[in-house]
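Reader: I am new to this structure and would like a close look at a single part of it. Please begin with one pair of side chains and then set that pair in its surroundings.

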Amino acid sequence: MRPLIPSAPAHRDPAPSRTAYRMQRLWLTPVFRALLRVGFPAFVMMFSVGLYLSDASRRQAMATAWDGAWEKVEDRPEFLVKLLAIDGASPALAEAIRAKLALPLPMSSFAIDMEAARLSIEELDAVADAEVRIRGSGVLQVEIVERQPVVVWRTGAGLSLLDGEGLRIATILERADRADLPLIAGQGANRAVPEALALLAAAQPILPRLRGLVRVGERRWDLVLDRNQRVLLPEVAPVRALERVIALDQAQKLLDRDVIAVDLRNEHRPVLRLAPAALSALRQARGLESGETGL
Amino acid sequence: MTDLYQSQRAMRHMRRAAMQRGVIAILDVGTSKIACLILRFDGPERLREADGFGPMAGQSGFRVIGAHATRSRGVRFGEIAVMNETERAIRTAVQAAQKMANVRVDHVIACFSGGEPRSYGLAGEWELQDQVVTEQDVARALAACDVPQIGEGREVLHAQPVNFALDHRSGMGDPRGQIGNRLACDLHLLSVEGSVVQNLLYCIKRCDLELAGIASSAYVSGISSLVEDEQELGAACIDLGGGSTGISIFIKKHMIYADAVRMGGDHVTSDISKGLQVPLQVAERIKTRHGGVHATGMDDREMIEIGSDSGDWEKDRRTVSRTELIGIMRPRVEEILEEARTRLDAAGFDHLQSQQIVLTGGASQIPGLDMLATRILGQRVRLGRPLRVQGLPLATSGAAFAGAVGLCLFAAHPQDEWWDFDIPSERYPARSLKRAIKWFRDNW
């Protein structure tokens, strides 16, 4: 019988050993293959990077190197902003913007926080809208849309200019500085500027006599004319009431008479308040009172 | 038998799993070579668009992506004789095929030619409960077949229903859904030595592979070498292998008989080796290069040098004429063919209308074999080569690979076998029900 356990193989056996066979099958397994070809290198890379970065001094050195490189780029003349140009603003406002931004020009464009600059400009009362951008050749361009003042508001503290929405634009020292704008007064008048503008538009026929509008109790308007005449307007539909007064005036010259106040607060019962002299004259005429009583 | 029924059933499930994964290996364990093909299944639709052909005999659904054949060791007469050697040869073939395909295969379908296959024709009848034939009825008709004594230690390899008859109508392929009263079926049962199957199972398990199917090589080479009309009208396939010669008879696309002669090309080689006093390797070389079965006058003058390195000049310079070689080969080939003829006659092949015989396998490549076979087997003999399969390398598409190619077709379209049908519910052994109840009591 042939020996069952061969002493030495006569020639090379073409068959793979059991281990080689299993290894090849393992290598042909898709999951194992993906793990070895992607997972293992990724792990080695992450691990080595982590190992390198676990030292604090290395991290510090890397941070400083990065900062140095970044500064070098920032400080290049191509990125320097040398000039601040402001368009669409009056000279006084432009000065105010420059003072507000207070940029130490020339400086690198990376150091300018455009959004913060825009917000700080828009904080100014006179600015409705601002746009900040860096133009070529180192110019910081600021485009401004200014608020337009429409009324002067007198308060205890002084005179302010308000725009159509009642926002404060600026303070003026004297009424005469903006004599072209109508005057309003009273607490809370700034919150009813659109209504005031509507009243002013309606009061066009008596405009030469108009001194201003007074907000009463933060709810209704008084129209103040010269000779201290007042038209007390209701809270609701003041424009219609005013038109009624103007119609009366045009028909019967109501306001030319010796009237202190026209009270329209209750539309069903308008009241005229006469001056004392006129009142006594009326009473005399009605025979209620003698002409000499007052004397 | 229930045991094998269960294991065959498990193999079917394994095959389905492999088809879902899309890769399956084919292993032809032969006496002279072990071939491994790796198939990739990727849906017929895509391939049909790609090549513009319709489905060809069901083989357009897969593609061979890896192939390797290695010299077989430790296999005799198609049976595993030395387990270690066979395992190494299988490993070699599988590894090389895997390397070519660049995929890992876990499921393998194997075929072998040994184990003394024996055919039995069984018949069963079943009275239908309600007119219409259902799958249960088919299973009951199959279960009603009376199983013959197949012998101690033998197991069923194939059990294929080949014919169904409903009342007086016979020759039905698929009776399901038809209306009748009595369903009768014919079953072809092929039994082999159980130990041969066990050895093969063990060998494949040792290679970390799972068996997804097992087939007789006579059957699968018939599938690949017989063309469609031959399978339909009736034909016999003789697979002249290395260690054994498989015989299968087909009719109506079903195998109705299979047998094996335990003689093959290796016996021719050993005859040459003995007759010319040369080693087996030299004999094999002389057989393949100069072999033949018909001597002519020309062959007397054709001298073949028998190289050898014994050191004896006279012995090393011997020559032999081709006529002498043919004189050694021819009796053995005649013996094989006559044995095959005997088997065919015993099976009643001469009662078939069509007497077509197809010779395939490695030994069918002997020049002049068809003329010799005509004398012994009858006029209608042809040499068959296996079907062309997509992606099969040229080196593995010869007649010697009929079994491997047939196994590919078998893997793609297996025939319904007995174990593909569910066991009829009343046939479940009562013991298993009792066991289930006991398990339930113990655990809940």
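In what kind of contact do the side chains of Asp174(B) and Arg176(B) meet, and what is the N to O distance?

Author: The model is a predicted one, and what follows describes that prediction. The side chains of Asp174(B) and Arg176(B) form a salt bridge, with 3.0 Å from N to O. Neither partner is buried, because residues count as buried under 20% relative accessible area and Asp174(B) has 41%, while Arg176(B) has 38%. Both values fall in the partly exposed class, Asp174(B) by its 41% and Arg176(B) by its 38%.

Elsewhere, salt bridges that share partners tie four residues into one network: Arg18(A), Glu87(B), Arg91(B) and Arg206(B). This network includes residues of chain A and of chain B. Over all chains, a search of the whole structure gives 44 salt bridges.

Two pairs in chain A can be set beside the pair in chain B. The first is Arg118(A) with Glu122(A), a salt bridge in which the closest N and O atoms are 3.1 Å apart. These two residues belong to helix 5 of chain A, residues 114-122, and are four residues apart, about one turn of the helix. Arg118(A) is partly exposed at a relative accessible area of 23%, and Glu122(A) is also in the partly exposed class, at 25%. The second pair is Arg220(A) with Asp222(A), whose side chains form a salt bridge at 2.7 Å, N to O. Here both Arg220(A) and Asp222(A) are buried.

The contact between the two chains comes next. On the chain B side, 18 residues are in contact with 15 residues of chain A. The size of an interface is often given as the accessible area lost when the parts come together. For chain B and chain A that area is about 1,500 Å², and 40% of it is on carbon and sulfur atoms. Three residues, Arg91(B), Gln95(B) and Arg104(B), supply 41% of the area that chain B buries against chain A, more than any other three residues. Of these, Arg91(B) has already appeared as a member of the salt-bridge network.

Three salt bridges are found across this interface. One salt bridge between the chains joins Arg25(A) to Asp106(B), with the closest N and O atoms 2.8 Å apart. Polar contacts between chain B and chain A amount to 13 residue pairs, counting those with both residues at pLDDT 80 or more. On the chain B side, helix 3, residues 83-101, gives the largest share of the residues that touch chain A, namely eight. By type, the touching residues of chain B divide into nine charged, five nonpolar and four polar.

Just past helix 3 there is a backbone detail. Most residues other than glycine have a negative phi, and most peptide bonds are trans. Asn102(B) has a positive phi of about 60 degrees, although it is not a glycine. Asn102(B) sits in the loop between helix 3 and strand 6 of chain B, the strand covering 107-112. Its relative accessible area is 44%, so Asn102(B) is partly exposed. Gln131(B), likewise not a glycine, has a positive phi of about 55 degrees. The loop that holds Gln131(B) runs between strand 7 (118-127) and helix 4 (135-143) of chain B. Gln131(B) is partly exposed, with a relative accessible area of 42%.

To finish, the two chains as wholes. Chain B, which holds the pair asked about, has 15 helices and 18 strands. Its 444 residues include 54% that count as buried. Of the contacts in chain B with a separation of 6 or more, 71% are between residues 24 or more positions apart. Chain B exposes about 20,600 Å², and carbon and sulfur atoms supply 51% of that area.

Chain A has eight helices and 14 strands. Of its 295 residues, 32% count as buried. Residues 24 or more positions apart make up 44% of the contacts in chain A with a separation of 6 or more. The accessible surface of chain A is about 19,100 Å², with 59% belonging to carbon and sulfur atoms.

Terms used. Residues are numbered from 1 along each chain as its sequence is written. Chains are lettered from A and ligands numbered from 1 in the order in which they are written. This is a predicted model: local features need pLDDT of at least 70, side-chain atom pairs count only at pLDDT 80 or more; totals for chains, interfaces and linings use all residues. Side-chain values use heavy atoms; hydrogens and water are left out. Contact means heavy atoms within 4.5 Å. Buried area is the accessible area (1.4 Å probe) that two parts lose on being put together, summed over both. A polar contact is a pair of N or O atoms within 3.5 Å; within protein, one must be able to donate a hydrogen and the other to accept it, and residues adjacent in sequence count only if both atoms are side-chain atoms. Ala, Val, Leu, Ile, Met, Phe, Trp, Tyr, Cys and Pro count as nonpolar, Asp, Glu, Lys and Arg as charged, and the others, Gly among them, as polar. Buried means under 20% relative accessible area, exposed over 50%, partly exposed in between (1.4 Å probe, protein chains only). Accessible areas come from the Shrake-Rupley method with a 1.4 Å probe; for residues, only the protein chains shown count as cover.
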